[in-house]
Amino acid sequence: MFDLMNILAFGAHGDDLEEFCGGTLALYARSGHHVVMCVVTDGRGRPQGDPAQITALRRDEAQASADVIGA
């Protein structure tokens, strides 16, 4: 049996972690490991609109995604 791990996943852009390793992170979280997801950009690079609103929306989306898998 493995000891529980602290797992930190870095993604450059919003949705990177969900698309490329979300399943793996979910399996680790479901197994009791502590999973943290870190997105290093704020998501306001290209979308049209208020940058503050876009940043808040992207942050909320990332948090909701982490909540779904227990990260």
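Okay, let's start with a definition: helices (H or I, at least four residues) and strands (E, at least two) are DSSP runs, numbered from the N terminus. By that rule, Tyr28 sits in helix α1, and we'll come back to Tyr28 later.

Before that, some housekeeping. This is a predicted model, so you should know the filters: local features need pLDDT of at least 70, side-chain atom pairs count only at pLDDT 80 or more, and totals for chains, interfaces and linings use all residues. Residues are numbered from 1 along each chain as its sequence is written, and side-chain values use heavy atoms, with hydrogens and water left out.

Right, the overall picture. The chain has 2 helices and 2 strands, and starting at the N terminus the order is β-α-β-α. The C-alpha trace spans about 50 × 20 × 15 Å along its principal axes. There are 71 residues in the chain, and 21% of them count as buried. Buried here means under 20% relative accessible area, exposed means over 50%, and partly exposed is in between (1.4 Å probe, protein chains only). I'll also talk about contacts, meaning heavy atoms within 4.5 Å. If you take contacts between residues at least 6 apart in sequence, 61% of them join residues at least 24 apart.

Let's walk along the chain, beginning with Ala9 in strand β1. Is Ala9 buried or exposed? Ala9 counts as buried, because its relative accessibility is 10%. Setting aside neighbours within four places in sequence, Ala9 is in contact with Leu17, Leu25, Val36, Met37 and Cys38. Gly45, on the other hand, is 36 residues from Ala9 in sequence and 21 Å away in space, C-alpha to C-alpha.

Next comes Asp15, in the loop between β1 (6-11) and α1 (16-30). Most residues other than glycine have a negative phi. Asp15 isn't a glycine, yet its phi is positive, about 80°. Asp15 counts as partly exposed, because its relative accessibility is 43%.

Now back to Tyr28, as promised. Its relative accessibility is 33%, so Tyr28 is partly exposed. Leaving out neighbours within four places in sequence, Tyr28 is in contact with Met5, Ile7, His33 and Val35. Gln53 is 25 residues from Tyr28 along the chain, and their C-alpha atoms are separated by 32 Å.

So how do the two helices meet? α1 and helix α2 (residues 51-69) pack at an angle of about 35°, with axes 9 Å apart. Those axes are lines fitted to C-alpha atoms, for helices over the stretch in contact, and angles run from 0 to 180 degrees between N-to-C directions. On the α1 side we have Glu18, Gly22, Leu25, Ala26 and Ala29, and they meet Ala62, Ser65 and Ile69 in α2. The residues of that contact divide into 5 nonpolar, 2 polar and 1 charged. For that split, Ala, Val, Leu, Ile, Met, Phe, Trp, Tyr, Cys and Pro count as nonpolar, Asp, Glu, Lys and Arg as charged, and the others, Gly among them, as polar.

Staying in helix α2, there's Thr55. Thr55 is buried, because its relative accessible area is 14%. Beyond neighbours within four places in sequence, Thr55 is in contact with Asp42 and Arg44. Thr55 and Thr41 are 14 residues apart in sequence and 9.2 Å apart in space, C-alpha to C-alpha.

Next topic, cysteines. How many disulfides does the structure hold? The structure holds 0 disulfides, a disulfide being a pair of cysteine sulfur atoms within 2.5 Å. Why no bond for Cys21? Because the closest cysteine sulfur, in Cys38, is 12 Å from the sulfur of Cys21, too far for a bond. Cys21 is partly exposed at 24% relative accessible area, and Cys38 is partly exposed at 25%.

Last up, the largest pocket. A pocket, on a 1 Å grid over the protein atoms alone, is an open set of points where a 1.4 Å probe fits, with protein on both sides within 12 Å along at least five of seven lines; lining residues have an atom within 4 Å of a point. The largest pocket is lined by 20 residues, and Gly14, Val39, Thr41, Arg58 and Ala62 lie nearest its centre. Two elements give two or more residues to that lining, β2 (34-39) and α2. The largest share, 8 residues, comes from α2. By type, the lining divides into 5 nonpolar, 8 polar and 7 charged residues.
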